[in-house]
Amino acid sequence: MFTRVNSLADKDSLPPGSLVHVGEETTGPTRITVLEYDAQGVHALDEPDSGEIARLRDEPQVVWFRVEGVHQVEIIARLGEIFGLHPLVQEDIVNTQQRPKLEEYDNYLFLVLKDLSFDQEDQEVVARQVSLILGRGWVLSFSESGHDPFTAVVERINGGRGRIRHLGADYLAYALLDSVVDHYFGVLESLADASQEMESELDTAADQRVLRTLHQLKRQGLRLRKAVWPLREVTAWLERGEHELVSPTVRPYLRDVYDHTVQVIDATESLRDSLASLMDLYLSIVSNRMNQIMKVLTIIATLFIPLTFIAGVYGMNFKNMPELEWSWGYFAALGLMGVVTIGMLIYFWRKGWLLSKE
Amino acid sequence: MFTRVNSLADKDSLPPGSLVHVGEETTGPTRITVLEYDAQGVHALDEPDSGEIARLRDEPQVVWFRVEGVHQVEIIARLGEIFGLHPLVQEDIVNTQQRPKLEEYDNYLFLVLKDLSFDQEDQEVVARQVSLILGRGWVLSFSESGHDPFTAVVERINGGRGRIRHLGADYLAYALLDSVVDHYFGVLESLADASQEMESELDTAADQRVLRTLHQLKRQGLRLRKAVWPLREVTAWLERGEHELVSPTVRPYLRDVYDHTVQVIDATESLRDSLASLMDLYLSIVSNRMNQIMKVLTIIATLFIPLTFIAGVYGMNFKNMPELEWSWGYFAALGLMGVVTIGMLIYFWRKGWLLSKE
Amino acid sequence: MFTRVNSLADKDSLPPGSLVHVGEETTGPTRITVLEYDAQGVHALDEPDSGEIARLRDEPQVVWFRVEGVHQVEIIARLGEIFGLHPLVQEDIVNTQQRPKLEEYDNYLFLVLKDLSFDQEDQEVVARQVSLILGRGWVLSFSESGHDPFTAVVERINGGRGRIRHLGADYLAYALLDSVVDHYFGVLESLADASQEMESELDTAADQRVLRTLHQLKRQGLRLRKAVWPLREVTAWLERGEHELVSPTVRPYLRDVYDHTVQVIDATESLRDSLASLMDLYLSIVSNRMNQIMKVLTIIATLFIPLTFIAGVYGMNFKNMPELEWSWGYFAALGLMGVVTIGMLIYFWRKGWLLSKE
Amino acid sequence: MFTRVNSLADKDSLPPGSLVHVGEETTGPTRITVLEYDAQGVHALDEPDSGEIARLRDEPQVVWFRVEGVHQVEIIARLGEIFGLHPLVQEDIVNTQQRPKLEEYDNYLFLVLKDLSFDQEDQEVVARQVSLILGRGWVLSFSESGHDPFTAVVERINGGRGRIRHLGADYLAYALLDSVVDHYFGVLESLADASQEMESELDTAADQRVLRTLHQLKRQGLRLRKAVWPLREVTAWLERGEHELVSPTVRPYLRDVYDHTVQVIDATESLRDSLASLMDLYLSIVSNRMNQIMKVLTIIATLFIPLTFIAGVYGMNFKNMPELEWSWGYFAALGLMGVVTIGMLIYFWRKGWLLSKE
Amino acid sequence: MFTRVNSLADKDSLPPGSLVHVGEETTGPTRITVLEYDAQGVHALDEPDSGEIARLRDEPQVVWFRVEGVHQVEIIARLGEIFGLHPLVQEDIVNTQQRPKLEEYDNYLFLVLKDLSFDQEDQEVVARQVSLILGRGWVLSFSESGHDPFTAVVERINGGRGRIRHLGADYLAYALLDSVVDHYFGVLESLADASQEMESELDTAADQRVLRTLHQLKRQGLRLRKAVWPLREVTAWLERGEHELVSPTVRPYLRDVYDHTVQVIDATESLRDSLASLMDLYLSIVSNRMNQIMKVLTIIATLFIPLTFIAGVYGMNFKNMPELEWSWGYFAALGLMGVVTIGMLIYFWRKGWLLSKE
């Protein structure tokens with residue numbers, strides 16, 4: 001009943017709402033953890049069964065259902081039934097190639113986010129999909145297998161740090177959204193560092209490897225951009241606070257996330273500008289260096305050409321060549337060569353071709 | 001009474017609303033198939049006559065009239081009469097050079113779409129026009145001859161898979177729209193593959209064929225873009241669900257199509273960005289390689305010029321040239337040449353011209 | 001009282017609303033033709049006097065006043081008086097350098113359009129101004145002298161083809177607007193053909209003439225664009241149908257014109273994109289060819305330089321040069337030259353410099 | 001009490017609303033002229049005192065106070081008191097580095113415009129600030145010293161030409177605005193002429209002077225653009241006619257000015273496009289010519305290199321060189337050289353390197 | 001309890017609303033100064049304790065609390081408590097990497113600005129964050145340690161110059177905002193000067209240092225832009241005057257600030273345009289100069305190549321070479337060389353290669 005495909009194109013002929021995992025193939029099991037808390041205390045539960053989940057959903061405390069791994073579509077389908085999720089929502093959760101978006105349903109809000117990290121080894125931005133569902137008193141979070149972006153929030157709940165234990169499920173949803181956006185700053189910093197490094201390397205070695213790295217960085221910037229731009233609309237919508245599930249208390253916090261998103265967008269655009277500028281600089285340095293080489297080589301060639309001509313003249317075999325008979329002829333010829341060389345050097349130097357730095 | 005032209009420019013002097021087929025000339029006959037269904041069962045009918053069509057139109061079940069081939073304008077005109085279609089709608093159906101659009105009439109909605117496929121042989125995006133008319137309880141679909149984009153939907157109806165048999169004509173229209181948009185992902189993937197291939201080919205052979213292929217891919221990206229951008233407005237309008245023919249149940253599905261459309265637009269823009277970037281890379285690789293050639297050749301030339309000069313000096317015929325008389329003069333000259341060569345090589349090596357990779 | 005100037009800059013110091021013809025100087029007389037029709041019949045009248053015009057204006061049938069030639073400003077002034085046109089409207093009619101626009105007055109709508117044609121000889125887009133005034137039951141059309149863009153509409157009225165005889169003056173105005181927009185497709189096709197031709201010529205002869213032609217085509221595309229973009233707003237306004245002079249029956253037709261306008265805009269943008277792309281291709285082909293020349297020439301030069309050096313060595317006049325005494329020395333030298341040449345050819349061939357196509 | 005500074009940066013630490021002249025230092029006196037008129041007649045008054053100004057302000061006729069020179073801030077301050085102008089309005093009048101704008105106050109409208117002219121000598125667009133204040137029945141106009149942009153309007157009032165004497169102060173304000181916008185067409189024409197001239201010069205002499213002139217023209221286009229873009233909003237606002245000081249009669253005229261502004265913007269953008277295109281053409285012509293030089297020179301060099309090699313071979317001093325002994329050896333060598341030369345010429349000619357025009 | 005981090009990425013795992021200083025590490029103490037004033041007089045107080053601050057906040061006069069230094073987060077927290085500031089506002093004050101923004105709270109408005117100055121030594125735009133809080137009758141201002149952007153305002157209050165002492169806290173907030181925006185003109189002028197200098201240097205020495213400086217200037221322009229663009233929205237919002245804390249009297253002043261902001265944006269865009277244009281000019285000058293060098297050198301080389309060939313011919317050792325025997329043969333050869341040289345010079349001169357300036 002459940003199939004698995006790797007790209008949207010393969011999913012072509014299936015009916016809409018089919019529960020099919022789209023994304024990298026993963027094998028680890030799906031883990032469900034529940035965190036139930038209020039100002040008084042925290043209660044954690046691992047791998048609850050369907051009955052427990054249904055019971056916890058209706059508790060008065062804030063309940064957070066964390067699902068790690070979305071490739072076992074039958075588990076998602078079971079959760080979808082318990083929480084009454086629309087088939088398309090279930091489909092979007094297991095299809096990890098969504099754009100960030102927010103959808104409003106009668107009893108819940110559905111958010112799709114991209115959690116980004118920077119893989120130092122491959123110098124690549126890695127995007128993993130995170131889905132959040134905010135209901136009345138509960139939050140459902142889905143993340144891809146082997147990736148947990150929410151450890152800091154869990155610690156804050158357990159440690160009772162900040163306001164989180166005193167506020168509702170909407171604040172929890174905000175905290176999760178915020179922690180995802182916070183990761184973008186780290187990615188930006190890594191990209192900015194890599195770009196900085198490229199810039200200093202340009203001085204010493206502007207070879208083709210630099211070009212490819214710039215090309216690669218540009219692509220990473222694009223990836224970041226694709227994750228952040230739609231988020232702007234999402235957070236702007238949330239900040240306007242038009243849904244009853246979002247209380248006025250949480251709105252200033254959502255405005256803060258909105259600000260961060262705009263900040264990330266700004267920084268991303270700056271990064272792109274600066275990479276484009278580095279590309280120009282690279283091309284101009286390479287071209288300058290090539291010109292430099294050509295110039296030095298051509299100067300050498302040009303210096304020797306008249307000398308070789310003079311030597312050629314006195315290598316001619318005419319019977320009657322008076323200079324050849326002079327006893328100091330050879331030295332005169334060498335002298336003439338010296339004079340020509342010095343003359344040309346002076347001419348080049350005056351034109352500024354010998355010393356100019358570019 | 002019915003004429004046929006191949007481009008809009010030829011249609012110039014005809015009165016508006018003239019039923020003229022604009023598009024590639026096709027000869028196959030126009031096929032009409034009817035599919036009548038509800039949750040209980042499916043009933044199919046081939047090539048119905050006008051009376052049957054009029055009767056089926058008013059059945060309580062969902063009735064889908066599939067028309068393949070739009071070049072026989074008299075058939076379209078007959079259908080137009082039965083269903084009460086505006087002359088301009090009839091004109092748009094037979095003119096296959098429309099932009100995707102949605103038009104609202106009193107009793108029906110009219111949609112023009114572009115079904116895209118990728119012709120692997122010519123490496124070209126092929127666009128075929130699909131027109132949908134959603135009425136009360138029925139859907140009319142028109143596709144170009146020899147092209148049936150809806151087989152998957154037919155199978156789903158016959159097999160009773162998904163929700164399609166339980167929902168109305170608006171869901172059917174959605175399913176048809178969705179199946180067209182789904183094809184875009186396949187086209188995108190083919191283009192992305194071709195672009196990927198170009199990128200890996202750049203390393204080995206950046207010749208002019210690559211340039212032309214990039215040029216060609218860019219044009220295909222443009223074609224895709226032209227089909228998708230207007231679709232965004234169309235699906236956004238549908239999703240807002242302001243027309244009574246579109247029921248609230250179908251709205252989430254239409255939002256899903258809207259999301260897919262935006263995803264395709266995003267991917268198309270990324271593809272264009274990445275092709276522009278590849279073009280830059282190509283130009284820079286070609287220029288680097290040319291510079292490389294020029295450099296190696298110039299170094300060889302420069303190395304030999306001073307040597308040839310020395311040989312020229314001792315080829316002069318002066319009577320009095322002491323070196324010529326020395327018994328080890330020849331070997332001294334060869335030694336001098338060796339020293340000069342080594343000196344220049346060291347100089348070049350220090351400047352980094354001998355080993356630098358670009 | 002009536003002056004004539006050729007450019008807006010010359011009109012500088014005149015009071016606003018001055019009736020001054022701005023445009024190419026033309027000498028032919030202004031022709032006025034009247035066409036009065038309804039479903040029953042058509043009645044034509046040439047060169048009516050002021051009284052007749054005033055009488056016809058109030059007839060219950062649809063009356064179309066066609067004015068060809070706008071340089072005789074006194075005639076325009078007389079018509080303006082009869083129909084109660086605002087002085088600025090009269091000014092805009094005789095000033096043929098207007099942008100396309102629509103102006104709403106109490107009793108009439110005023111439209112300025114650009115009728116385009118493509119002059120095959122000069123390869124130029126020629127724009128001629130057309131003004132339409134839609135009143136209650138009548139239409140006034142103005143075109144520049146020696147240019148009649150409306151023959152097809154006249155024929156349709158006379159022949160009774162299409163709906164035109166059954167609908168009102170608003171449909172007539174639509175038909176005139178539509179016939180102008182239809183001409184754009186012809187212009188677009190000519191430009192696309194010229195661009196296509198350029199592309200195929202690039203393969204055989206990418207010389208500077210191609211560059212100039214591309215430059216010229218780009219300018220024509222710009223001209224087309226300037227005529228079409230403002231028309232989009234005009235037709236969008238008309239389609240919204242907020243003016244009582246435009247009846248709901250005509251609205252679908254106006255939407256059709258709007259669609260055509262957007263189609264023309266799309267095609268214009270594609271043309272511009274494709275011309276920019278051709279320009280890039282041209283530059284890259286020229287640069288490739290130049291590089292090709294330089295490479296072949298440099299390879300030849302480089303091959304001979306070491307050989308010349310060897311010849312130079314054995315041309316030295318040292319007393320003691322053992323090789324010179326060997327009887328097979330000469331042939332050994334020639335052999336050495338052959339070995340060097342073959343070695344360099346192998347090196348070049350391995351590097352791929354001898355066969356690479358760019 | 002009144003200071004004078006030359007740039008906004010120097011004004012840094014002054015309190016807002018400080019009356020400080022910002023602009024070129026000018027020395028001429030400030031001239032005030034009053035023109036009082038209605039349909040019956042015109043009454044002019046030079047250099048009125050404060051009492052007269054206050055009296056004229058309340059006359060039933062239209063009164064136009066023309067102030068030439070804004071550097072004597074005390075005069076502006078006195079006028080500001082009489083007419084009840086806001087301190088910031090007074091500040092904006094004397095600060096000639098404003099952007100064009102419109103400000104709405106309780107009893108008057110305040111307009112800032114840029115009157116442009118083209119200095120043929122420096123090939124520069126010169127911008128001079130004009131401020132207009134439209135009150136109930138009066139207009140105050142301020143222009144920079146030594147610059148009177150309104151002579152045509154004065155003549156029209158005195159001569160009673162056009163509608164000006166029959167309409168109110170709002171029409172006068174319109175007439176002044178219109179006369180400023182009309183000047184833009186002259187500037188545009190001068191720039192277009194200069195650009196045209198550059199284009200024809202490109203054929204004969206594409207030297208660096210052309211580059212600098214293009215650079216300069218681009219900058220002038222930018223200046224024009226900066227003056228016109230904000231004017232679009234200003235005239236659009238006026239045309240919507242939401243202020244009671246602007247009567248419905250004048251609205252069609254304001255729409256006309258709006259149209260002119262949009263026309264100027266269009267032409268400015270076209271100019272910029274065409275200058276960018278000329279820049280491309282210039283670069284391509286220069287590069288073509290350079291390539292041409294390099295090609296001719298390289299061909300000459302390449303032709304002689306094999307010949308020199310042959311000469312070198314027979315200049316070797318081997319004892320045993322059979323060819324040297326042949327009596328026709330020398331002529332055979334010369335013949336070989338001729339054959340090689342002709343062979344290379346044929347090869348070059350076939351490749352199209354000898355005759356190709358670029 | 002209070003930590004200090006240097007970049008947003010390090011702040012990643014902290015709960016939102018954590019009071020953490022983000023920015024350059026600074027050590028100086030935080031200084032608080034209070035200025036209480038009305039039309040009658042001014043009262044200043046340094047380093048007030050919490051009780052004094054709470055008392056002053058409720059005084060009927062305008063009270064301005066100036067805080068210099070935001071790195072001692074415990075002081076900010078204490079002030080936050082006294083004035084009832086939202087935790088996120090406190091967080092934004094100490095985090096100096098905010099974008100300019102305006103936030104509306106129930107009892108106060110919160111503004112974040114960037115005060116810019118131009119560091120002449122490093123040729124860098126330095127941005128320091130300024131936060132303003134406008135309450136009922138009081139203003140709180142925060143600036144970074146060692147930086148006081150408000151001295152001019154303090155002087156104006158003390159000296160009783162301008163309107164400041166007669167208007168309320170909203171005018172004070174305006175005055176502070178205005179003084180920050182005024183600094184931008186100074187920065188712009190410095191950047192424009194540097195750009196001007198670059199332009200004149202291009203004529204004499206277009207070396208790689210120029211390239212780097214242009215690159216650097218472009219980056220500074222970007223920095224300016226990032227500070228100004230968001231300010232536009234902020235001032236536009238304030239000018240619309242929708243908040244009760246902003247009285248109608250102050251609105252014209254806020255419109256003035258808005259105008260200045262738009263002026264700065266305009267000038268920034270012009271600067272960027274002009275820098276891009278300079279970059280083009282630089283590249284074209286460098287390329288021209290390189291071409292110039294190559295041309296001169298190649299001409300020299302080409303002149304000598306035929307001469308060397310002639311010398312080579314008469315250096316051949318054929319037994320039978322009639323010219324060698326002629327007594328005037330040598331001089332004839334020299335003459336031939338002269339003729340060839342003159343011929344080539346004439347050819348080059350005719351082609352315009354010897355004198356052309358580029």
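This is a short tutorial dialogue on reading symmetry, interfaces and helix packing in a predicted model.

Q: How are chain A and chain B related, and what turn lays one on the other?

A: Start with the general idea: two copies of a chain are related by a rotation about an axis and a shift along it. Here, a turn of 72° with a shift of 0.3 Å along the axis lays chain A on chain B, and the RMSD is 0.2 Å. That is the relation of a five-fold axis. If you want to find the axis on screen, look for A:Gly315: in chain A its C-alpha is the nearest to the axis, at 4.4 Å.

Q: Do the copies meet through different surfaces or through shared ones, and why?

A: Through different surfaces, because only 9% of the interface residues of chain A are also interface residues in chain B.

Q: What does the contact between chain A and chain B take from each chain?

A: Chain A gives 64 residues and chain B gives 59 residues. Between them the two chains bury about 5,300 Å², with 60% of that on carbon and sulfur atoms. On the chain A side, the residues that lose the most area to chain B are A:Pro16, A:Leu297 and A:Tyr330, together 13% of what that side buries. The pair also has five salt bridges. A:Arg99 and B:Asp266 meet in a salt bridge, with 2.9 Å from N to O.

Q: And how many residues are in contact between chain E and chain D?

A: There, 57 residues of chain E touch 63 residues of chain D. Chain E and chain D bury about 5,300 Å² between them, 60% of it on carbon and sulfur atoms. Five salt bridges are found across this interface. For a pair to display, try D:Arg219 with E:Glu199, a salt bridge whose closest N and O atoms are 2.9 Å apart.

Q: Which chains do not touch?

A: Chain A and chain C are one such pair, with their nearest C-alpha atoms 9 Å apart. Chain C and chain E do not touch either, and their nearest C-alpha atoms are 9 Å apart.

Q: At what angle do helices α2 and α3 of chain E cross?

A: Two packed helices are described by the angle between their axes and the distance between the axes. In chain E, the axes of α2 (residues 73–83) and α3 (residues 87–94) come within 10 Å and cross at roughly 145°. The crossing of α2(E) and α3(E) is right-handed. From α2(E), the contact uses E:Val73, E:Ile76, E:Ala77, E:Gly80 and E:Glu81, while α3(E) brings E:Gln90, E:Ile93 and E:Val94. By class, that contact has five nonpolar, two polar and one charged residues.

Conventions. Residues are numbered from 1 along each chain as its sequence is written. Chains are lettered from A and ligands numbered from 1 in the order in which they are written. This is a predicted model: local features need pLDDT of at least 70, side-chain atom pairs count only at pLDDT 80 or more; totals for chains, interfaces and linings use all residues. Side-chain values use heavy atoms; hydrogens and water are left out. Axes are lines fitted to C-alpha atoms, for helices over the stretch in contact, and angles run from 0 to 180 degrees between N-to-C directions. Helices (H or I, at least four residues) and strands (E, at least two) are DSSP runs, numbered from the N terminus. A crossing is left-handed if the near helix is turned anticlockwise from the far one by less than a right angle, and right-handed if clockwise. Contact means heavy atoms within 4.5 Å. Ala, Val, Leu, Ile, Met, Phe, Trp, Tyr, Cys and Pro count as nonpolar, Asp, Glu, Lys and Arg as charged, and the others, Gly among them, as polar. Copies are superposed by least squares on the C-alpha atoms of residues with pLDDT of at least 70 in both. Buried area is the accessible area (1.4 Å probe) that two parts lose on being put together, summed over both. A salt bridge is a side-chain nitrogen of Lys or Arg within 4 Å of a carboxyl oxygen of Asp or Glu.
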